[in-house]
Amino acid sequence: MKYILRFNLACLLVLLYSCNCSSVESNSKAEEVSIIFPQGDKNTNDNFKGEVWVKSLVDADSLNETAVGNVTFAPGARSKWHLHPAGQIILAIDGKGYYQEEGQAKKILRKGDVVKCPPNVPHWHGASEDTAFVQVAITGRQNGATKWLQSVTEEAYHAAAKN
Ligand code: MN
């Protein structure tokens, strides 16, 4: 009898713990995104719309031609269309973001998603309308600097996503 009681108590604890976990994961509003890397400085150039913070984690140099940066997008913030001559890998760290390649539908990015963006393919990335987005961008610099293109139209930004 004692054993059964103890077993039931253990089950209840496991249940309570798992409920708590799922409610934490579903909370990803702007002020609640988790910080892994430093947020860095607020972006001041016009390659982005809305509030964006950038922290360089690894600068490209003669030994390592890959740059790594942490980018935090406030809700509604996004990059302009742009391309990377040596491609880019995006690791979604937290929140809810969008990614779109030219000629493709917009995709939703969530924590744990990975995007491999091919060289010279125009694309944009940013946060969703009501949730911030944190990404780590790994960008090859061996073929030259990022080329910035036109702004993302409101129509494209708000278009339905297809994953
Ligand atoms: Mn990019």
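This is a short talk on one predicted model, going from the overall fold to the metal site, the aromatic residues, the pocket and a few single residues.

Let me start with the chain as a whole. It has 163 residues, and 37% of them count as buried. The secondary structure consists of 2 helices and 12 strands. In sequence order the pattern is α-β-β-β-β-β-β-β-β-β-β-β-β-α, with a helix before the strands and another after them. As for contacts, if you take those with a separation of 6 or more, 70% are between residues 24 or more positions apart.

Next, the metal. Which residues coordinate the manganese ion? There are four histidines and a glutamine: His82, His84, His123 and His125, each through NE2, and Gln88 through OE1, at 2.2 Å. Along the chain, the donors are spaced as H-x1-H-x3-Q-x34-H-x1-H. Take one pair from that set. His84 sits in the loop between β6, residues 82-83, and β7, residues 88-101, while His123 belongs to strand β10, residues 123-127, so the two tie together parts that are 39 residues apart in sequence. Both His84 and His123 are buried.

One of the ligands, His125, leads to the next residue, because Phe73 has it among its contacts outside the four-place window. Phe73 is in strand β4 and is buried, with a relative accessible area of 1%. Its contact list, with neighbours within four places in sequence left aside, also includes Phe48, Glu51, Val52, Arg78, Ser79, Gly126 and Ala127. Ala132, Phe133 and Gln135 are on that list too. For Gly126 there is a distance to quote: the C-alpha atoms of Phe73 and Gly126 are 6.1 Å apart, with their positions 53 residues apart in sequence.

Phe73 is also part of an aromatic cluster, together with Phe48, Phe133 and Trp148. In total the structure holds 6 aromatic pairs. The one I want to show is Tyr98 with Tyr157, which is edge-to-face, at 5.6 Å centre to centre and 65° between the planes. Where do Tyr98 and Tyr157 lie? Tyr98 is in strand β7 and Tyr157 in helix α2, residues 154-158, so this pair ties together parts that are 59 residues apart in sequence. Tyr98 has 5% relative accessibility and counts as buried. Tyr157, at 1%, counts as buried as well.

Both tyrosines turn up again around Ser128. Not counting residues up to four places away in sequence, Ser128 touches Tyr98 and Tyr157, along with Pro75, Gly76, Lys96 and Gly97. Ser128 is placed in the loop between β10 and β11, the latter being residues 133-140. Is Ser128 buried or exposed? Its relative accessibility is 0%, so Ser128 counts as buried.

Now the largest pocket. Its volume is about 340 Å³. It is lined by 22 residues, and those closest to its centre are Val54, Val71, Ala137, Thr139 and Arg141. The elements giving two or more residues to the lining are β3, residues 52-58, β4, residues 66-73, and β11. Which element gives the largest share of the lining? That is β4, with 5 residues. By type, the lining divides into 10 nonpolar, 10 polar and 2 charged residues.

Two single residues remain. The first topic is Leu109, in strand β8, residues 107-110. At 4% relative accessibility Leu109 counts as buried. Leaving out residues up to four places away in sequence, Leu109 touches Ile90, Ala92, Gly95, Lys96, Gly97, Tyr99, Val115 and Phe133. Phe133 is the residue already named in the aromatic cluster. The C-alpha atoms of Leu109 and Asp94 are separated by 9.0 Å, and the two residues are 15 apart along the chain.

The other is Asn120, in the loop between β9, residues 114-117, and β10. What about its backbone? Asn120 has a positive phi of about 65°, although it is not a glycine. With a relative accessible area of 46%, Asn120 is partly exposed. The cut-off for exposed is over 50%, so Asn120 does not count as exposed.

That is what I have for this model.

Note on methods
Residues numbered from 1 in each chain as written. Predicted model: local features only at pLDDT ≥ 70, side-chain atom pairs only at ≥ 80, totals over all residues. Heavy atoms only, no water. Donors = N, O, S within 2.8 Å, 3.2 Å for Na, K, Ca; no water. Helix = DSSP H or I, 4+ residues; strand = E, 2+ residues; numbered from the N terminus. Buried < 20%, exposed > 50% of the residue type's maximum accessible area, 1.4 Å probe, protein only. Contact = heavy atoms within 4.5 Å. 1 Å grid on protein atoms, 1.4 Å probe; cavity = no way out; pocket = protein on both sides within 12 Å on 5 of 7 lines; lining within 4 Å. Points joined across faces, edges and corners; volume = space filled by probe spheres on them. Nonpolar A, V, L, I, M, F, W, Y, C, P; charged D, E, K, R; others polar. Phe/Tyr/Trp six-rings, centres within 6.5 Å; stacked < 30°, edge-to-face > 60°.
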